[in-house]
Structure formats: C-alpha cells, structure tokens
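Trainee: Got a minute to go through this one with me? I'd like to know what stands behind the labels.

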Amino acid sequence: MEDVQAKADEKTCPVQRALVFVEEFLAGPMCGKCFPCSMGSYEARIRIKRVADGNASDEDIDSINTISSHMLVASMCKRGKDTAKYIMEHMVSSEFADHLSGLCAKNECLPHVKYIIIPEKCTMCGDCLDACKDNAILGEKTKPYLSGYTPFEIVQKRCTKCGECMNVCKYGAVKLMSAREMAEAEKVGA
Ligand code: SF4
Ligand code: SF4
Ligand code: SF4
C-alpha cells in the first residue's frame, strides 16, 4: 500500500487525499473476502467524491465515518485496515466539513474554485488568451494607439480549470477564488 499512500500524499487537501487513496485501492482487483471492505470502500468512494464535488450533506460525512470505522474493525487484511485508517486520519480535519459550505482551503477540489481575471491588474497582454487551450478567455490584445478594449474575462462554462492562464500571467491578474469567496463577493455586490 506504500505506493497508494505516496500517490495520495501528493495532494494537500484531506478530501482529495482520501479520494485518491480509495480510488487507487479500488483500481486493483478486489478480493471481496469481507463485506465491510469490499462494499464499504465502494460506498466510501461515492460519498468522498460527493464531498469533493460539492454535492455532499452531513449524512455523507456521517456515512464515511461509519463505513471507515466498520472497515477498520472488520477487514480481514492490512489492505482494508490501512484504507480505513487513512480515511479516518484525514476526516479528523475540519476541512472535510468545510467542503459542505463550499470551501476547499487548498483549492484542490475543482468544483469549489473558479479562475477569474482581475480587471484592474490586467494589462490585456493576451498571454492567457494564447495559453488557454479551451478557448475559455474572451478579450482582445491591446494595440498601440488604440483604446476602448473590453476587459479580459473567463467564460466559466468553458473553463476546465487547468490553471495555465494563472501560470502565464506575469501581472498576477488571474486569481483562484473559492466558491465561498465568490458567493461573498456576490452578496457584497448585490
Ligand atoms: S479487507 Fe482485505 S481480505 Fe477483506 S475484502 Fe478487503 S482486501 Fe479483501
Ligand atoms: S495574461 Fe494576465 S495581464 Fe495578460 S491578458 Fe491575461 S489576465 Fe490580463
Ligand atoms: S484555467 Fe485553463 S481553461 Fe480555464 S481559462 Fe485558464 S487556461 Fe483556460
């Protein structure tokens, strides 16, 4: 299980870590010798994915806790127990519950974040436009002696959240916002 854990540890968000661990565990053949592990790990994956995707409720968190504690007690081998332990260790963090209100503190759960362009910082250089393979950026590069350009903007529906625009922007004009920050900003603007 060391390779599974190493892959999960590459993430920093506890929800992503638990999800990667369970997905990697399930990627191999499942022996199915004991019910709490074979069924529990599938069910845990569904529930953890809901948390990562922003579709979870308190009930999902309770279920993940119950499933993992049953797995820990009833799994017949180390693999099942290690999976349960890893999930439980990461559920101790309040970050799991934070996802229910739209906050992924590490900005790794993509449904919880959005890339936006800050108009005041954008020089309209067009580097992000060239970098975006998904044609998700609207804007026109500035030309000398011309004015009247509209600010660059990211079309959220097309954005696949690859982060390339932020990597190439030399002016810090692309920002990663959590869904909670977006909701708060909308409230202030309302
Ligand atoms: S705990 Fe071990 S023996 Fe039981 S189903 Fe899981 S992998 Fe198989
Ligand atoms: S790379 Fe940055 S500064 Fe240039 S157009 Fe895009 S957001 Fe604006
Ligand atoms: S995050 Fe990726 S897909 Fe989205 S606007 Fe930036 S470059 Fe395009």
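Trainee: Which residues have the most contacts inside the largest nonpolar core?

Mentor: V15, I48, V51, I64, I87 and F96, in a core of 24 residues. Helix 2 (14–27) gives the most to this core, with 6 residues. Mind that this is a predicted model: local features need pLDDT of at least 70 and side-chain atom pairs pLDDT 80 or more, while totals for chains, interfaces and linings use all residues. Residues are numbered from 1 along each chain as its sequence is written, chains are lettered from A and ligands numbered from 1 in the order in which they are written, and side-chain values use heavy atoms, leaving out hydrogens and water.

Trainee: What makes a set of residues a nonpolar core?

Mentor: They must be buried Ala, Val, Leu, Ile, Met, Phe, Trp, Tyr or Cys residues joined through side-chain atoms within 4.5 Å.

Trainee: Why is H112 called buried?

Mentor: Buried means under 20% relative accessible area (exposed is over 50%, partly exposed in between; 1.4 Å probe, protein chains only). H112 has 3% relative accessibility, so it counts as buried.

Trainee: What makes the pair of H112 and V51 a polar contact?

Mentor: The rule is N or O atoms within 3.5 Å; within protein, one must be able to donate a hydrogen and the other to accept it, and residues adjacent in sequence count only through two side-chain atoms. A polar side-chain atom of H112 lies 3.3 Å from the backbone oxygen of V51, so the pair fits that cut-off.

Notes
Helices (H or I, at least four residues) and strands (E, at least two) are DSSP runs, numbered from the N terminus.
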